[in-house]
Amino acid sequence: MSKYLPPEIITQILLRLPIKSLLQCTSICKSWNSLIKHTRFINNHLNLNLDKTSNSPLLLLRHCPKDPTRELYSLHLENGSFQEHSKPELPVQSLNECFRIVGSCNGLILLSDDYFTDYNMFVLWNPSIRKFITLAKPHVPKSPHSVYGFGFDSKKNDYKIVRLVYLRQNEGQACPKIELYSLNSGSWKSITSAAPSYQIAQNFRAQVFVNGAVHWVASCKKGNCFRNVVLSFDMSNETFQEIELPEDLACELPTKYMPISAAGKSICVKHFDQNRHTMWVMREYGVVESWEKQVSIDVHVTPNFTPNFRVLQVLGCRKNNGEFLLERYDHGRKIGELVSHDPKKNTNEFLGIHTDPGYSCIVYYMESLVLLNKTS
């Protein structure tokens with residue numbers, strides 16, 4: 001084909017090929033290998049696929065079918081049947097029971113090996129090209145209370161990790177040391193001068209990358225009361241901002257479990273207690289008045305669940321059909337199950353996936369070539 005078509009036409013054809021085909025094309029000739037692994041080609045391919053993926057995203061599921069020492073990953077189509085797309089194999093073994101999935105961005109998954117210990121190992125993994133790199137260790141000492149965020153700096157074309165380490169606490173006030181990792185430089189730097197006054201509790205440390213910033217739920221003691229907010233960190237400007245929560249969530253005790261996740265191009269916050277799981281979605285990003293309670297589930301009296309079942313967690317919301325992915329527990333068989341809950345019809349569809357209770361995790365994912373030009 002190179003004899004009959006100019007290079008720019010060949011490039012445009014290759015840019016429109018799926019990941020699997022492009023990986024095969026790297027073996028055809030040296031010129032194609034160099035082209036496909038070039039940073040400019042990887043970025044152009046990513047940008048061409050961003051719009052397509054936003055309408056038909058993939059969901060990456062991590063579950064442990066029998067015990068937490070055997071973690072399985074699978075990619076699923078965001079369609080009514082939750083159809084399995086592929087089963088990427090985790091390329092590195094956790095030193096704990098399993099990895100913590102910190103976040104997903106442009107085809108990269110950040111894994112942290114600190115689920116039950118303070119071991120500081122970070123792994124960047126691209127399942128679609130079966131490539132990973134182990135990152136340099138942070139400078140700040142280990143701490144039982146560390147929080148991470150992962151995202152993309154579009155100004156510098158760089159993937160970054162922000163790490164907040166709480167070495168001490170004083171009457172509810174946060175005193176974090178903050179480090180920032182850059183994939184371009186391959187190193188960590190201190191940005192403690194930018195530390196916010198908010199504390200991200202252990203049970204709040206779920207994060208999500210939306211609109212160029214990482215987001216967590218954080219709290220601050222004001223007088224005799226705690227106040228919760230969404231704390232964001234802009235990956236390009238390297239600055240912190242805050243977004244107000246609806247009053248029902250803002251006044252909750254910091255001991256409550258309130259993970260944050262993506263809702264399209266905005267954010268949602270899930271609130272779990274012993275009796276009820278609720279989910280609030282910010283319909284318009286940054287507009288406080290647009291917070292809306294979209295689901296409220298009684299964990300003991302969920303429609304169409306037999307008495308043997310109990311809802312363990314709301315894993316996330318589905319973009320294409322408005323349903324919610326739940327993990328429920330079967331008391332009789334002592335096993336977890338994944339179901340899709342339709343709040344309008346009050347129906348639940350078992351997705352055919354069993355798991356060790358409490359270890360399931362779902363993040364949105366898009367295939368990309370990112371890391372293809374990096375050495376492990």
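K270 in strand β17 has M279 in β18 as its bridge partner. Strands here are DSSP E runs of at least two residues, and helices are H or I runs of at least four, numbered from the N terminus. This is a predicted model, in which local features need pLDDT of at least 70 and side-chain atom pairs count only at pLDDT 80 or more, while totals for chains, interfaces and linings use all residues. Residues are numbered from 1 along each chain as its sequence is written, and side-chain values use heavy atoms, leaving out hydrogens and water.

Let's look at the neighbours of β17. Two strands pair if DSSP finds at least two bridges between them.

| Strand paired with β17 | Residues | Sense | Bridges |
|---|---|---|---|
| β16 | 260-263 | antiparallel | four |
| β18 | 276-282 | antiparallel | five |

On the β16 side, I260 stands opposite V269 of β17. The two strands form a hairpin with two residues between them, and G264 in the turn has a positive phi of about 65°.

How many of the residues of β17 (266-272) are buried? Seven of seven are (buried means under 20% relative accessible area with a 1.4 Å probe, counting protein chains only). In a regular strand, side chains alternate between the two faces of the sheet. Both faces of β17 are covered, with S266, C268, K270 and F272 on one side and I267, V269 and H271 on the other.

Now for the wider setting: the protein has five helices and 24 strands. Of its 376 residues, 53% are buried. Among contacts (heavy atoms within 4.5 Å) with a separation of 6 or more, 48% link residues 24 or more positions apart.

Methods
Buried means under 20% relative accessible area, exposed over 50%, partly exposed in between (1.4 Å probe, protein chains only).
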